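Hello,

Here is the structure you are taking over. Please look through it first, then read the notes below it.

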Amino acid sequence: MSGATIIDGKAIAAGLRADVAASVERLGREHGVMPGLAVVLVGDDPASHVYVRNKDRETRAAGMASFEIKVPATTTESELLAIITELNARDDVDGILVQLPLPPHIDSGRIIEAIDPAKDVDGFHPINVGRLASGQPALVPCTPLGCIILAKSVQANLTGLEAVVIGRSNIVGKPVAQLLLAENCTVTIAHSKSRGLPEIAAGADLLIAAVGRPELIRADWIKPGAIVIDVGINRVPGEGGKSKLVGDVHFEDARRVARAITPVPGGVGPMTIACLLRNTLTAAAARRGIALAI
Ligand code: NAP
């Protein structure tokens, strides 16, 4: 093998954002609709503030309306539920995203269930989870959707591939496995209690790592010629006392064996916001019964 193709998540995300912006422009011109995304942020977590700022910038850049609702960490569950009820009722809000994690006194499950499923652009509401699992049209979680788009950038038709997902979280592992099933892959979901993980991984034509363990996956876990999508974002000590980001896959090891691989950073990460914008556009069109090819 001469070395893997590096899947350029930044470029693919930029292309998706441009496609979304073009559809937003068309929606405005033909139907007089401007999609709107409301992001609710509870508390002062600095990382969450950075995410919310980026979402706001990208939402506006795509030609959509962006509403930021920032409330203090002392906000009660019932106050937050009242905010969700108000956003559910607003016609200019097509997507509602509650930035997680929430402070411990708030039950995030209750908050997610209060969001109108038609505006649930994170795809975490049990109605959307159930729709995805039963093969019905659904708003799909953003990071898993990004993984599928990246895999299909290498091979448009994933039918028949042996896909292994390492990780079974509700936000990445389980939904990405459902999406792979919908793409006609044969799907194995592995997790911390799985036995013989390296052998399971080495059977994969398409390996998706969503573990949160820095560089767990080495060359001998990877089938020669596999497509490797690395969702992990792990901060580890780097050179000169600085920290750096690495994935769940040992990149330099894996690129010698794989056919294609996503880097960290610059792989799956940039896809998440692009898919959030796509979901907001999808929600805006679906709520109004408008058929829109994105
Ligand atoms: P999570 O909720 O902690 O789930 C991790 C999963 O990995 C669990 O299912 C766990 O198994 C499994 N696991 C942990 N250690 C393992 C091991 N040694 N061997 C096999 N399986 C193991 O994490 P998450 O939210 O899914 O996120 C996973 C990674 O993706 C993190 O690095 C996160 O930062 C990153 N992430 C990136 C994006 C993005 O790019 N935008 C978005 C979301 C997450 P059990 O279920 O048995 O505990």
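Two helix axes count as roughly parallel at angles under 35 degrees, as roughly antiparallel over 145, as roughly perpendicular from 65 to 115, and as oblique at the rest. Please keep in mind that this is a predicted model.

Helix packing

Two packed helices are described by the angle between their axes and the distance between the axes. Helix α2 (residues 46-61) packs with α10 at an angle of about 50 degrees, and the two axes are 10 Å apart. An angle of about 50 degrees falls in none of the three named ranges, so α2 and α10 are oblique to each other. Their crossing is right-handed.

Helix α10 (residues 269-287) also packs with helix α1 (residues 9-31), here at an angle of about 20 degrees and with the axes 8 Å apart. That angle makes α1 roughly parallel to α10. The crossing of α1 and α10 is left-handed.

The ligand

Which residues come nearest to the ligand? Of the 21 residues around it, they are R168, S169, S192, I233 and T272. Sorted by class, this shell holds nine nonpolar, 10 polar and two charged residues.

Three of these residues can be described by their side-chain atoms. In S169, an N or O atom of the side chain is 2.5 Å from an oxygen atom of the ligand. For S192, a polar side-chain atom also lies 2.5 Å from a ligand oxygen atom. The side chain of T272 has an N or O atom 2.8 Å from a nitrogen atom of the ligand. The ligand taken alone exposes 920 Å², and the protein buries 71% of that area.

Regards

Terms used. Residues numbered from 1 in each chain as written. Predicted model: local features only at pLDDT ≥ 70, side-chain atom pairs only at ≥ 80, totals over all residues. Heavy atoms only, no water. Near = heavy atom within 4 Å. Polar contact = N/O pair within 3.5 Å; in protein donor to acceptor, adjacent residues only side chain to side chain. Areas by Shrake-Rupley, 256 points an atom, 1.4 Å probe, with all protein chains shown as cover. Nonpolar A, V, L, I, M, F, W, Y, C, P; charged D, E, K, R; others polar. Axes fitted to C-alpha atoms, helices over the stretch in contact; angles between N-to-C directions. Helix = DSSP H or I, 4+ residues; strand = E, 2+ residues; numbered from the N terminus. Left-handed = near helix turned anticlockwise from the far one by under 90°.
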